[in-house]
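Subject: Structure for you to look at

Hello,

Here is the structure I said I would pass on. Please open it beside this email and follow along; what I found in it comes below.

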Amino acid sequence: MTKTERVTDLLAVTSQLIGCMERELEMLRSLKPTELKQLQMDKVALADAYQAFTMALKEPGEDIAAVSQALRDELTEATERFQGAVQDNLRALKAMRDVNERVMRAVVVALEEKRASVTGYNNRGGITKSRRQVPACPVAVQQRA
């Protein structure tokens with residue numbers, strides 16, 4: 001396989017990977033976590049292919065100068081877009097992780113609070129509360145980055 005063919009294949013994989021990350025970002029923003037699982041598996045496969053193609057370009061053999069300047073410029077532009085997409089994707093994933101952690105902390109705090117439960121109304125129509133405390137229940141949180 002020539003360097004030109006490898007660069008062409010790398011451009012195709014880079015474009016697909018950028019598109020995948022942009023779709024993931026849209027799904028994160030629209031809060032569609034169930035659809036993310038397949039997309040993330042695709043992203044991992046594309047990232048592996050991207051890594052393989054970039055490593056193949058470093059193999060000895062035909063010089064990169066043999067690749068046309070236009071194709072090299074296109075690869076440079078695609079790489080810059082890819083780096084931007086990676087940064088956007090990373091920010092969104094960190095933000096979602098932070099939101100999830102805050103929600104889980106709030107749930108834990110709420111479960112640990114001792115609260116009186118409403119038991120009914122008194123003869124004047126006021127709400128009465130029981131004096132017994134609701135016990136806290138243990139919660140386990142699994143985190144993945």
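Of the contacts in the chain with a separation of 6 or more, 65% are between residues 24 or more positions apart. Please keep in mind that this is a predicted model.

Overall layout

The chain has three helices and two strands. Read from the N terminus, the order of the elements is α-α-α-β-β. There are 145 residues in the chain, and 23% of them are buried. The accessible surface is about 10,700 Å², and carbon and sulfur atoms account for 55% of that surface.

Helix α1

Helix α1 covers residues 3-29, which is 27 residues. From its first C-alpha to its last it reaches 38 Å, close to the 39 Å expected at 1.5 Å a residue. After α1 comes L31, which has a positive phi, near 55 degrees.

T14 sits in helix α1. Is T14 buried or exposed? T14 has a relative accessible area of 0%, so it counts as buried. If you set aside its neighbours within four places in sequence, T14 is in contact with Y50, A78 and F82. L11 can be looked at in a similar way: without residues up to four places away in sequence, L11 touches L71, E74, L75 and A78.

The nonpolar core

In soluble globular proteins, nonpolar side chains tend to be buried together. In this model, the largest nonpolar core has 23 residues. Which of them touch the most other members? They are V7, L11, L17, Y50, L75 and F82. Two or more residues of this core come from each of α1, α2 (33-57) and α3 (69-112). Helix α1 gives the most, with eleven residues.

The aromatic pair

How many aromatic pairs does a search of the whole structure find? The search finds one. The pair is formed by Y50 and F82, with 4.6 Å from centre to centre and 35 degrees between the planes, and it is tilted. Y50 belongs to helix α2 and F82 to helix α3, so the pair links parts of the chain that are 32 residues apart. Y50 has a relative accessibility of 16% and therefore counts as buried. F82 is buried too, at 13%. As noted above, Y50 and F82 are also among the residues that T14 contacts.

Salt bridges

The count of salt bridges is six. Three of them are described here.

In one, E59 pairs with R6, and the closest N and O atoms are 3.3 Å apart. E59 lies in the loop between α2 and α3, while R6 is in helix α1, so this pair ties together parts that are 53 residues apart in sequence. The two residues fall into separate classes of accessibility: E59 is partly exposed at 40%, whereas R6 is buried at 16%. The cut-off for buried is under 20% relative accessible area.

In another, the side chains of E24 and K43 meet, at 2.7 Å from N to O. This pair also links distant parts of the chain, with E24 in helix α1 and K43 in helix α2, 19 residues apart. Both E24 and K43 are buried.

The third is between R97 and D98, where the closest N and O atoms are 3.7 Å apart. R97 is partly exposed, with a relative accessible area of 36%, and D98 is partly exposed at 31%. R97 and D98 also belong to a network of salt bridges that includes E101 and R105.

A residue in helix α2

Finally, you could look at A45, which is in helix α2. At 48% relative accessibility, A45 counts as partly exposed. Where is L17 relative to A45? The two residues are 28 residues apart along the chain, and their C-alpha atoms are separated by 9.2 Å. L17 is one of the core residues named earlier.

Regards

Methods: Residues numbered from 1 in each chain as written. Predicted model: local features only at pLDDT ≥ 70, side-chain atom pairs only at ≥ 80, totals over all residues. Heavy atoms only, no water. Helix = DSSP H or I, 4+ residues; strand = E, 2+ residues; numbered from the N terminus. Expected span 1.5 Å × (residues − 1). Buried < 20%, exposed > 50% of the residue type's maximum accessible area, 1.4 Å probe, protein only. Contact = heavy atoms within 4.5 Å. Core = buried A, V, L, I, M, F, W, Y, C linked by side-chain atoms within 4.5 Å. Salt bridge = Lys/Arg side-chain N within 4 Å of Asp/Glu carboxyl O. Phe/Tyr/Trp six-rings, centres within 6.5 Å; stacked < 30°, edge-to-face > 60°. Areas by Shrake-Rupley, 256 points an atom, 1.4 Å probe, with all protein chains shown as cover.
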